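Work through the exercises below with the sequence and the structure in view. Each task is followed by a solution in steps.

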Amino acid sequence: MVARGRQRLWKGFTMSKSDAKTKVPYWRELESNGRKKREGKYGIDLGERGIYDKRNKLNELTGKEWIYFTNSVWITAFPPVAGKDSGFDLRKIHPSPKPPELIKEIVCFFTKSNQWILDPFAGVGGTLIGASLCEPARNAVGIELNKDYVNAYKKVNSNLKLKKQEMICSDARNISRHKKIKERIFDLILTDPPYSDMMARNKNGQKKKLYGKNDASKFTFDDRDIGNLNRKDFLEELKSIISLALKYLKDKGYLVIFCKDFQPTDDSPNLLHNDVINKLIEIPCLRYRGLRIWHDQAMDLYPFGYPYAFVMNQLHQYILIFRKELLT
Ligand SMILES: C[S@@+](CC[C@H](N)C(=O)[O-])C[C@H]1O[C@@H](n2cnc3c(N)ncnc32)[C@H](O)[C@@H]1O
């Protein structure tokens with residue numbers, strides 16, 4: 001429904017009649033081969049996809065694609081859980097690989113063609129594969145401590161015949177030592193750090209089903225793995241690694257970081273995502289810009305606590321969004 005006295009521009013957007021008289025319209029409608037072609041000062045008609053705004057500095061999406069992405073709740077059923085493609089059988093050596101198709105959507109929102117993405121906690125390469133799946137593929141550099149994960153990424157990437165990205169086997173604390181990183185300015189940092197010592201706890205539910213066992217699976221037994229630290233030390237180390245990585249992010253570039261909460265306990269509500277936000281905004285150039293709640297619909301519900309007490313089935317993760325904003 002368009003409010004009385006307002007003019008419809010395109011689905012969901014209106015402008016008051018007085019504004020419409022004085023402002024140059026975003027686009028005007030012209031008949032073309034029976035289809036209404038929309039052209040304007042800034043708009044390029046991309047047909048079914050909608051209108052691309054030439055002033056768009058962030059990505060190559062149309063207005064409606066952009067707005068769709070800003071929904072704070074995001075429900076998907078991507079592999080690895082829903083399907084077995086994207087090399088999941090090889091990436092499965094990692095206890096929590098991200099679906100590359102999900103990452104592709106994030107990369108497409110926060111970058112344009114030929115831009116660069118950095119992932120300091122790259123695992124088996126969800127970010128790198130996601131960057132290669134974009135059309136056209138973006139460029140990505142990942143750092144990962146564990147050599148087996150690095151090799152798994154390389155194998156999957158070659159099997160899928162995707163654009164080869166740079167995967168460095170190293171401690172993210174040494175980010176400034178790597179030529180492939182220090183000689184470049186990145187457009188996006190997209191990363192999925194360990195969730196404190198969450199993985200050191202026994203698995204249940206979906207994890208047990210996917211991996212066939214319920215023993216705890218740390219990412220690594222390496223002392224340098226920030227997933228082996230207690231919460232306080234984890235938050236400090238995360239802040240210091242992210243601060244180092246931010247040196248190589250352009251001004252007004254985004255940091256997108258995955259996070260998950262723990263089950264509440266008597267001594268803490270365990271809202272890790274809240275702790276991560278509060279810790280990272282201590283970095284002077286970093287502004288918190290909001291989050292998306294990602295619900296992986298392919299995950300099953302399990303009867304934790306039934307029939308005695310409420311125990312949450314945590315099927316969501318947080319995608320926290322920050323922006324580097326240098327003072328001018
Ligand atoms: C949640 S996983 C990332 C999963 C990744 N998104 C994927 O799709 O495979 C976090 C990774 O950070 C790595 N890691 C932990 N501490 C690190 C450090 N100091 N330097 C580099 N990598 C580290 C772990 O080995 C683990 O693979």
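**Exercise 1.** Find the bridge partner of I143 in β10, and place the two strands in their sheet.

*Solution.* Step 1. I143 has I168 as its bridge partner in β10. Strands here are DSSP runs of E of at least two residues, and helices are runs of H or I of at least four, both numbered from the N terminus. The model is a predicted one, in which local features need pLDDT of at least 70 and side-chain atom pairs count only at pLDDT 80 or more, while totals for chains, interfaces and linings use all residues. Residue numbers start from 1 along each chain as its sequence is written.

Step 2. β9 (residues 139–144) and β10 are parallel and joined by four bridges; two strands pair if DSSP finds at least two bridges between them.

Step 3. The open sheet has eight strands, ordered β7-β13-β14-β12-β11-β8-β9-β10, with mixed pairing. Its edges are β7 (73–76) and β10 (166–169), each pairing on one side only. From one strand to the next the twist averages 20°.

**Exercise 2.** In which sense do β7 and β13 pair, and in which sense do β13 and β14 pair?

*Solution.* Step 1. β7 and β13 are parallel, with four bridges. T76 is opposite D296 of β13.

Step 2. β13 and β14 are antiparallel, with nine bridges. Here W294 is opposite Q317 of β14.

**Exercise 3.** Describe β8: its pairing with β9 and the directions in which its residues point.

*Solution.* Step 1. β8 runs parallel to β9, and four bridges join the two. W116 has N139 as its bridge partner in β9.

Step 2. W116 and L118 point to one side of β8, I117 and D119 to the other, and all are buried. A residue is buried if 20 or more other C-beta atoms, placed from the backbone, lie within 10 Å of its own, exposed if 12 or fewer, and partly exposed in between.

Step 3. Beyond its neighbours within four places in sequence, I117 has contacts that include V107, T127, R138, F186 and L190. A contact means C-beta atoms, placed from the backbone, within 7 Å.

**Exercise 4.** Which residues have the most contacts inside the largest nonpolar core?

*Solution.* Step 1. A nonpolar core is a set of buried Ala, Val, Leu, Ile, Met, Phe, Trp, Tyr and Cys residues joined through C-beta atoms within 7 Å. In soluble globular proteins, nonpolar side chains tend to be buried together.

Step 2. The largest such core holds 61 residues, and those with the most contacts inside it are V107, I117, L188, A245, L255 and V256.

Step 3. For the chain of 328 residues, buried residues make up 33%.

**Exercise 5.** Which strands does helix α9 lie across?

*Solution.* Step 1. Helix α9 (residues 231–246) lies across β8, β11, β12, β13 (286–296) and β14 (316–324).

Step 2. The direction of α9 is at about 150° to that of β12. Axes are lines fitted to C-alpha atoms, for helices over the stretch in contact, and angles run from 0 to 180 degrees between N-to-C directions.

**Exercise 6.** Locate the cis peptide bonds before P136 and P307, and the positive phi values of N114 and K161.

*Solution.* Step 1. Most residues other than glycine have a negative phi, and most peptide bonds are trans.

Step 2. The bond from E135 to P136 is cis, with omega near -5°; P136 sits in the loop between α5 (126–133) and β9. The bond from Y306 to P307 is cis as well, with omega near 0°, and P307 belongs to the loop between β13 and β14.

Step 3. N114, not a glycine, has a positive phi of about 65° and lies in the loop between α4 and β8. N114 counts as exposed because 10 other C-beta atoms are within 10 Å.

Step 4. K161, also not a glycine, has a positive phi of about 55° and is found in the loop between α6 (147–160) and β10. K161 is exposed, with 8 other C-beta atoms within 10 Å.

**Exercise 7.** How many residues surround the ligand, and how do they divide by class?

*Solution.* Step 1. The ligand is surrounded by 26 residues, the closest being F121, G123, G126, A172 and D192. A residue is near a molecule if its C-beta atom, placed from the backbone, lies within 6 Å of it.

Step 2. The shell divides into 11 nonpolar, eight polar and seven charged residues. Ala, Val, Leu, Ile, Met, Phe, Trp, Tyr, Cys and Pro count as nonpolar, Asp, Glu, Lys and Arg as charged, and the others, Gly among them, as polar.

Note on methods:
Two residues are in contact if their C-beta atoms, placed from the backbone, lie within 7 Å.
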